[in-house]
Amino acid sequence: MKKILKYFPIIFILLFLGLYFSYQNGYYERMTSDKIKLTNEQIEKFEEDVINGKDVMLKDYINNDKNYSTKTSKLSLNISNKLESVLDKGIKFLFRKLSSMVE
């Protein structure tokens, strides 16, 4: 427990410095700028479609597709799928054996 408390301030300072430098380099502003640019592009597309008399659907202009996949999440998904497959086969085998005993 003392080791954890010993390293906690160091980890806290490193996290603070990482956030501070990312803020100073304009990471947050760039991300916000990208979102605004995307929104402005969608507004222009909407206005053009209205002028051209096309059917306007809200879902065509809102982009909520977010990709949260990383190497770690893909690996954990693959492991989860393999584990599910093994457990599924094991449970099916167990129930087949149990049903043959009952008959």
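**Reading helices, patches and salt bridges**

Guide: Let's start at Leu 17, which sits in helix α1 (residues 2-24). Keep in mind that this is a predicted model.

Visitor: Sure. How many helices and strands are there in the protein?

Guide: Count the runs of secondary structure along the chain. Here you get three helices and zero strands, so to speak α-α-α when read along the sequence.

Visitor: Back to Leu 17: is it buried, partly exposed or exposed?

Guide: Buried means under 20% relative accessible area and exposed means over 50%. Leu 17 counts as partly exposed because its relative accessibility is 34%. Across the protein, buried residues make up 3% of the 103 residues.

Visitor: What kind of surface patch does Leu 17 help form?

Guide: A nonpolar one, whose members include Tyr 7, Phe 8, Phe 16, Leu 17 and Phe 21. Together, the patch residues have about 1,300 Å² of accessible area. For the whole protein, the exposed area is about 10,300 Å², with carbon and sulfur atoms supplying 64% of it.

Visitor: And which residues gather in a patch of negative charge?

Guide: Glu 41, Glu 44, Glu 47 and Glu 48. Glu 44 belongs to helix α2 (residues 27-51).

Visitor: How many salt bridges does a search of the whole structure find?

Guide: Two. In one, Asp 49 meets Lys 54 at 3.8 Å, N to O, and Asp 49 counts as buried because its relative accessibility is 12%. In the other, Lys 92 meets Asp 88 at 3.3 Å, N to O.

Visitor: Why are Lys 92 and Asp 88 separated by about one helical turn?

Guide: Because they're four residues apart in helix α3 (residues 71-102). Lys 92 is partly exposed at 48% relative accessibility, and Asp 88 is partly exposed at 38%.

Key. Residues numbered from 1 in each chain as written. Predicted model: local features only at pLDDT ≥ 70, side-chain atom pairs only at ≥ 80, totals over all residues. Heavy atoms only, no water. Helix = DSSP H or I, 4+ residues; strand = E, 2+ residues; numbered from the N terminus. Buried < 20%, exposed > 50% of the residue type's maximum accessible area, 1.4 Å probe, protein only. Areas by Shrake-Rupley, 256 points an atom, 1.4 Å probe, with all protein chains shown as cover. Patch = residues over 30% accessible without salt bridge, like charges linked within 9 Å, V, L, I, M, F, W, Y side chains within 5 Å. Salt bridge = Lys/Arg side-chain N within 4 Å of Asp/Glu carboxyl O. Lys, Arg positive; Asp, Glu negative; His and termini not counted. Charge placed at Lys NZ, Arg CZ, Asp CG, Glu CD.
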